[in-house]
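Please look through the sequence and the structure shown below. The text that follows takes up one helix and its surroundings, and then turns to salt bridges.

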Amino acid sequence: MKRLISIAISLLILGVIYAKIDFPQLIAVFKECDRMWMGISLGMVIPITLFTAWRLQQLMPTGSQLRFWEANRLILAASTLNMVLPSKMGDIAKAYFMKQRGNLAGSLSLAIVIFEKACDMLSLLLWCVFGLLLYPGKSGFFWLMTAGIIFGLILGLFLLSSRKFAHLFFLVTKKIAPKKFRPKLEKMQMSWGEMHGYFWHDPKQLFKITLTSIFIWFLHLLQIWLFILALNAWTPFLANLALSPLAILAGLLPLTFAGVGTRDAALIFFYQRYFPKEEAAALGLLCTSRYLLPAIGGLPFLGQYLTTVRDLGKKPS
């Protein structure tokens with residue numbers, strides 16, 4: 001039911017957006033696109049997936065049996081499951097499969113996935129802060145966004161670097177959260193604590209994973225900028241480092257299906273300074289392809305992971 005509601009909200013937002021744009025002009029934007037840049041930008045999905053899979057390999061303990069090809073299959077299948085199942089079930093299934101194939105404790109495999117997602121979020125916020133600080137002519141709204149993103153980045157860094165701060169954060173969060181969320185927060189706190197113990201014992205490995213995550217998100221934001229070039233539009237690259245993360249963050253709000261609708265509206269709003277809303281709507285469709293293409297790539301491997309999801313669903317919560 002939640003997924004149906006999110007799809008309905010996405011369709012409603014898209015309906016409002018497309019009612020306000022010139023649809024023939026949107027079609028013309030795609031017809032007149034630069035096909036070379038379009039191919040390059042869409043093809044960026046491949047190196048992004050490969051680097052993400054390599055990072056997952058590096059996150060595994062020494063002696064684990066997760067091969068590079070298996071890591072790629074996990075990334076792609078998790079993308080497929082995340083598109084069709086609620087609550088990022090694909091990432092939970094990925095942790096479960098890592099536990100089976102890598103001979104890991106269940107809490108450690110979940111800790112690895114949590115750390116992976118934390119690195120992604122902090123890397124996105126880091127590039128967003130970098131871009132926003134250099135963004136010219138910021139209005140009061142953009143200064144407010146900059147302050148909020150900086151706060152989120154600092155909070156995330158403290159959660160990752162300080163076990164005492166993380167303990168205090170979860171303690172306060174559990175007290176103010178509704179009762180139905182407290183068991184989940186308790187499990188999250190346990191996995192977070194194990195993550196601290198696992199990753200901070202090797203600072204060199206932690207540094208390598210951090211740099212890799214920052215580079216992966218540079219590729220993500222570069223891909224969006226290449227989308228803009230493919231549409232024969234223009235935005236300075238540094239401005240794109242500020243604006244595209246804001247649109248991605250809008251898409252992460254738990255309101256719509258895979259961010260569709262909220263992300264499109266955010267792209268139209270944030271890029272209105274640089275190109276018309278028809279080109280921004282086209283950019284929204286291309287940004288959706290960033291999630292759709294890996295999900296399609298994961299379809300051939302979906303069978304075994306659906307079995308994993310069914311097994312997870314049968315276990316008592």
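Helix α13 is mostly covered, with 7 of its 9 residues buried. The model is a predicted one. The buried residues of α13 are Thr262, Arg263, Asp264, Ala266, Leu267, Ile268 and Phe270. What do they pack against? The buried residues of α13 pack against α1 (2-19), α8 (140-161), α12 (237-251) and α14.

Of these partners, α14 can be followed in some detail. The axes of α13 (residues 262-270) and α14 (residues 277-297) come within 8 Å of each other and cross at roughly 140°. Because of that angle, α13 is oblique to α14; the cut-off for roughly antiparallel is over 145 degrees. The crossing in which α13 passes α14 is right-handed.

Which residues make the contact? On the α13 side they are Arg263, Asp264, Leu267 and Ile268. On the α14 side they are Lys277, Ala280, Ala281, Leu283, Gly284, Leu285, Cys287, Thr288 and Tyr291. Sorted by character, the residues of the contact comprise 8 nonpolar, 2 polar and 3 charged. The four α13 residues of this contact, Arg263, Asp264, Leu267 and Ile268, also appear among the buried residues of that helix. The spacing along a helix is relevant here: an α-helix has 3.6 residues a turn, so residues three or four places apart point the same way.

Ala266 also lies in α13. Is Ala266 buried or exposed? Its relative accessibility is 8%, so Ala266 counts as buried; the cut-off for that class is under 20%. Apart from neighbours within four places in sequence, Ala266 is in contact with Ala247 and Ala250. As for α14, the C-alpha atoms of Ala266 and Ala280 are separated by 9.3 Å, and these two residues are 14 residues apart along the chain.

The next topic is charge pairing. Side chains of opposite charge can pair when their charged atoms come close. How many salt bridges does the model contain? The count comes to 5 salt bridges.

One of them joins Arg55 and Asp120, whose closest N and O atoms are 2.8 Å apart. This pair links distant parts of the chain: Arg55 is in helix α4 (residues 45-59) and Asp120 is in helix α7 (residues 106-134), 65 residues apart. Arg55 and Asp120 are both buried. The two also belong to a network of salt bridges that links Arg55, Glu116 and Asp120.

Another salt bridge connects Lys174 with Glu186, at 2.8 Å from N to O. Here too distant parts of the chain are linked: Lys174 sits in helix α9 (residues 163-176) and Glu186 in helix α10 (residues 182-199), 12 residues apart. Lys174 has a relative accessibility of 16% and therefore counts as buried. Glu186 has a relative accessible area of 37%, so this residue is partly exposed.

A further salt bridge is formed by Arg67 and Glu70, with their closest N and O atoms 3.8 Å apart; the cut-off for a salt bridge is within 4 Å. Which partner of this pair is exposed? Arg67 counts as exposed because its relative accessibility is 52%, and the cut-off for that class is over 50%. Glu70, at 1% relative accessibility, counts as buried.

How values were computed:
Residues numbered from 1 in each chain as written. Predicted model: local features only at pLDDT ≥ 70, side-chain atom pairs only at ≥ 80, totals over all residues. Heavy atoms only, no water. Axes fitted to C-alpha atoms, helices over the stretch in contact; angles between N-to-C directions. Helix = DSSP H or I, 4+ residues; strand = E, 2+ residues; numbered from the N terminus. Parallel < 35°, antiparallel > 145°, perpendicular 65-115°, else oblique. Left-handed = near helix turned anticlockwise from the far one by under 90°. Contact = heavy atoms within 4.5 Å. Nonpolar A, V, L, I, M, F, W, Y, C, P; charged D, E, K, R; others polar. Buried < 20%, exposed > 50% of the residue type's maximum accessible area, 1.4 Å probe, protein only. Salt bridge = Lys/Arg side-chain N within 4 Å of Asp/Glu carboxyl O.
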